[in-house]
Amino acid sequence: MEEAVRDGVAERRERLMEALRVYGGHYAELSRRFAAWLGLHSTDATAVLEIAAAEERGTPLSPARLSERIPLSTGATTALLNRLEAAGHITRAREHSDRRVVTLRSGSHIQERADEFFGPLAHRLDATMSPYPPGVLEQFEVFMADLNTAMDSHLAERDPVARRSPRAPDGQAR
């Protein structure tokens with residue numbers, strides 16, 4: 001009996017992981033298309049989206065946090081930010097009382113362009129989620145947070161650099 005339960009759990013895990021892999025592939029393709037639509041390299045577009053999303057959450061990124069999130073070296077992040085700033089896609093500001101701290105902000109047009117590109121998908125996702133009771137969606141949020149925590153832990157255990165800078169469940173470095 002116990003083996004049958006384990007087999008059922010393993011089968012469910014495989015089905016769920018396959019569904020998440022498919023979703024991840026769709027997300028990657030959507031990101032690639034957004035980058036092409038903006039006329040940017042995919043890494044540049046990912047950085048712009050990370051900066052804009054952090055602003056929306058009320059937790060703007062520093063260059064160091066951005067390099068953790070997309071992962072790039074310090075030098076590569078500086079080159080990327082130089083390109084994005086020169087193109088008017090982002091600004092670097094010294095808003096903190098410690099004037100050494102740089103805050104990244106998206107250019108005024110970026111949110112408009114992102115809304116234009118992703119808006120139809122957001123409406124489609126809202127319609128897809130609307131039949132589900134809030135409790136089910138809350139459980140799914142917890143489930144996804146737990147999966148991300150498990151993955152972060154697994155990756156950190158296998159990466160000596162990550163062990164020095166563990167990530168919180170929301171992906172922010174601690």
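**Group meeting: the core, the pocket and three residues**

Hi everyone, let's start in the middle: the largest nonpolar core has 21 residues, and those with the most contacts inside it are Leu66, Leu80, Leu81, Ile90 and Leu104. By nonpolar core I mean a set of buried Ala, Val, Leu, Ile, Met, Phe, Trp, Tyr and Cys residues joined through side-chain atoms within 4.5 Å. Helix 1 (2-38), helix 2 (42-57), helix 4 (74-86) and helix 5 (108-129) are the elements that give two or more residues to this core. The largest share, six residues, comes from helix 2. As general background, nonpolar side chains tend to be buried together in soluble globular proteins.

Some housekeeping. This is a predicted model, in which local features need pLDDT of at least 70 and side-chain atom pairs count only at pLDDT 80 or more, while totals for chains, interfaces and linings use all residues. Residues are numbered from 1 along each chain as its sequence is written, and side-chain values use heavy atoms, with hydrogens and water left out.

Now the whole chain. There are seven helices and two strands, in the order α-α-α-α-β-β-α-α-α from the N terminus on. Both are DSSP runs numbered from the N terminus, helices being H or I with at least four residues and strands E with at least two. Of the 174 residues of the chain, 22% count as buried; buried means under 20% relative accessible area, exposed over 50%, and partly exposed in between, with a 1.4 Å probe and protein chains only. Among contacts (heavy atoms within 4.5 Å) between residues at least 6 apart in sequence, 47% join residues at least 24 apart.

Back to the core, and to leucine 80 in helix 4. Leucine 80 counts as buried because its relative accessibility is 1%. Leaving out residues up to four places away in sequence, leucine 80 touches Thr43, Asp44, Ala47, Leu66, Ile70 and Leu72. Its C-alpha atom is separated by 10.0 Å from that of histidine 41, 39 residues apart along the chain.

With the same sequence neighbours left out, leucine 66 touches Ala47, Glu50, Ile51, Leu61, Thr77, Leu80, Leu81 and Leu104. One of those partners, glutamate 50, is found in helix 2. Why does glutamate 50 count as buried? Because its relative accessibility is 19%. Beyond its neighbours within four places in sequence, glutamate 50 is in contact with Leu61, Leu66, Arg69 and Ile70.

Serine 62 sits in the loop between helix 2 and helix 3 (63-69). Serine 62 also counts as buried, because its relative accessibility is 19%. Its side chain reaches the backbone nitrogen of arginine 65 at 3.2 Å. Not counting residues up to four places away in sequence, serine 62 touches Val102 and Leu104.

Last stop, the largest pocket, with a volume of about 2700 Å³. It is lined by 50 residues, of which Tyr23, Gly24, Tyr27, Met144 and Asn148 lie nearest its centre. A pocket here is an open set of points on a 1 Å grid over the protein atoms alone, where a 1.4 Å probe fits, with protein on both sides within 12 Å along at least five of seven lines; lining residues have an atom within 4 Å of a point. Grid points are joined across faces, edges and corners, and the volume is the space filled by probe spheres set on them.

Which helix gives the most to that lining? Helix 6 does, with 13 residues. Helix 1, helix 2, helix 5 and helix 6 (134-157) each supply at least two. By class, the lining has 30 nonpolar, eight polar and twelve charged residues; Ala, Val, Leu, Ile, Met, Phe, Trp, Tyr, Cys and Pro count as nonpolar, Asp, Glu, Lys and Arg as charged, and the others, Gly among them, as polar. Thanks, everyone!

Technical notes. Polar contact = N/O pair within 3.5 Å; in protein donor to acceptor, adjacent residues only side chain to side chain.
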